[in-house]
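Trainee: Before I go back to the bench, could you take me through this structure by question and answer, with the reasoning spelled out each time?

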Amino acid sequence: MKIWMISWMTALLLATPVHGQTGSPARADQSSVTQLVGVWRGQIDNLPGVDMVITDEGGKLRGAILFFFHFRPDVNSAYTSKPGLPEPLFDLKADGQSLRFEVSHRRAHPPETLNDLPVPFRLKLVGPGRAELVNEHESEGPPMVLTRSDY
């Protein structure tokens, strides 16, 4: 199943231009950009919570994110997760040890979210191969801790 998710995210990355991103901010601090590039994964209660891919395509950052839904098939079952739809990251802005971006929320829970505005997020590096993902629209709850891998 991980291969399927990565394949979808890779296809989405290649097919989707990043709006509002220029080459110069990404190149201002190349070491920070290099630390941001990769596959980032976060878990909730030992289940997949989010997978995110960030690439540096000739000085332009691109990315996609996949959130997982957590549910119980019935009251006697343990929680499980299933992937939602991959979404492109847009309006990416790297500044030092963090990356700000937006994600569309229209397809999150249709039909009630079809007119929703994009949701702003921040990925903040907190250590080698570790980052915190923060929904900047909501102030509730702790940030999700993500770990990085090259693929």
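The questions below go from the overall fold to the aromatic pairs, the pocket, the salt bridges and two single residues.

Trainee: Which pattern does the protein chain follow when read along the sequence?

Mentor: Please keep in mind that this is a predicted model. The protein chain has three helices and nine strands, and buried residues make up 37% of its 151 residues. Read along the sequence, the elements follow the pattern α-α-α-β-β-β-β-β-β-β-β-β.

Trainee: Among contacts in the protein chain with a separation of 6 or more, what percentage comes from residues 24 or more positions apart?

Mentor: The count takes in contacts in the protein chain with a separation of 6 or more, and asks how many of them join residues 24 or more positions apart. That share comes to 46%.

Trainee: How many aromatic pairs does a search of the whole structure find, and what is the arrangement of Phe101 and Phe121?

Mentor: The search of the whole structure finds two aromatic pairs. For Phe101 and Phe121, the ring centres are 5.7 Å apart and the planes stand at 15°, and planes under 30 degrees apart count as stacked. The arrangement of this pair is therefore stacked.

Trainee: Which strands does the pair of Phe101 and Phe121 tie together?

Mentor: Both Phe101 and Phe121 are buried, and ring pairs link these two residues with Phe67 into a cluster. Because Phe101 lies in residues 98-103 and Phe121 in residues 119-127, the pair ties together parts that are 20 residues apart in sequence, namely strands S6 and S7.

Trainee: How much space lies in the largest pocket, and which residues are the closest to its centre?

Mentor: The largest pocket holds about 880 Å³ of space, and 33 residues line it. Phe121, already met in the stacked pair, is one of the residues closest to the centre of this pocket. The full set of closest residues is Phe67, His105, Val119, Phe121 and Asn135.

Trainee: Which element gives the largest share of the lining of the largest pocket?

Mentor: The elements that give two or more residues to this lining are strand S2 (47-57), strand S3 (60-71), S7 and strand S8 (130-135). By class, the lining has 18 nonpolar, 10 polar and five charged residues. The largest share, four residues, comes from S3.

Trainee: How far apart are the closest N and O atoms in the salt bridge of Arg107 with Glu87?

Mentor: A search of the whole structure finds six salt bridges, and the one formed by Arg107 and Glu87 is among them. The C-alpha atoms of these two residues are separated by 9.0 Å, but a salt bridge is judged on side-chain nitrogen and carboxyl oxygen atoms, which must lie within 4 Å. The closest N and O atoms of the pair are 2.9 Å apart.

Trainee: Is Glu87 buried or exposed, and what is the state of its partner Arg107?

Mentor: Arg107 lies in the loop between S6 and S7 and Glu87 in strand S5 (residues 87-95), so the salt bridge ties together parts that are 20 residues apart in sequence. Buried means under 20% relative accessible area, and Glu87, at 10%, therefore counts as buried. Arg107, with a relative accessible area of 44%, is partly exposed.

Trainee: Which residues does Arg107 touch, not counting residues up to four places away in sequence?

Mentor: Its salt-bridge partner Glu87 is one of the residues that Arg107 touches. With residues up to four places away left out, the full list is Leu85, Pro86, Glu87 and Thr113.

Trainee: Which residues are linked with Asp95 in a network of salt bridges?

Mentor: Asp95 forms a salt bridge with Arg100, and the closest N and O atoms are 3.5 Å apart. Asp95 counts as partly exposed at 41% relative accessibility, and Arg100 counts as partly exposed at 34%. The residues linked with Asp95 in the network are Arg100, Arg122 and Glu136.

Trainee: Where is Ser81 placed, and is it buried or exposed?

Mentor: Ser81 has its place in strand S4 (residues 80-83). Leaving aside neighbours within four places in sequence, Ser81 is in contact with Leu47, Pro48, Phe68, Phe69, His70 and Phe71. Since its relative accessible area is 16%, Ser81 is buried.

Terms used. Residues are numbered from 1 along each chain as its sequence is written. This is a predicted model: local features need pLDDT of at least 70, side-chain atom pairs count only at pLDDT 80 or more; totals for chains, interfaces and linings use all residues. Side-chain values use heavy atoms; hydrogens and water are left out. Rings of Phe, Tyr and Trp (its six-membered ring) pair if their centres lie within 6.5 Å; planes under 30 degrees apart count as stacked, over 60 as edge-to-face and the rest as tilted. Buried means under 20% relative accessible area, exposed over 50%, partly exposed in between (1.4 Å probe, protein chains only). On a 1 Å grid over the protein atoms alone, a cavity is a set of points where a 1.4 Å probe fits but cannot get out, and a pocket is an open set with protein on both sides within 12 Å along at least five of seven lines; lining residues have an atom within 4 Å of a point. Grid points are joined across faces, edges and corners, and a volume is the space filled by probe spheres set on the points. Ala, Val, Leu, Ile, Met, Phe, Trp, Tyr, Cys and Pro count as nonpolar, Asp, Glu, Lys and Arg as charged, and the others, Gly among them, as polar. Contact means heavy atoms within 4.5 Å.
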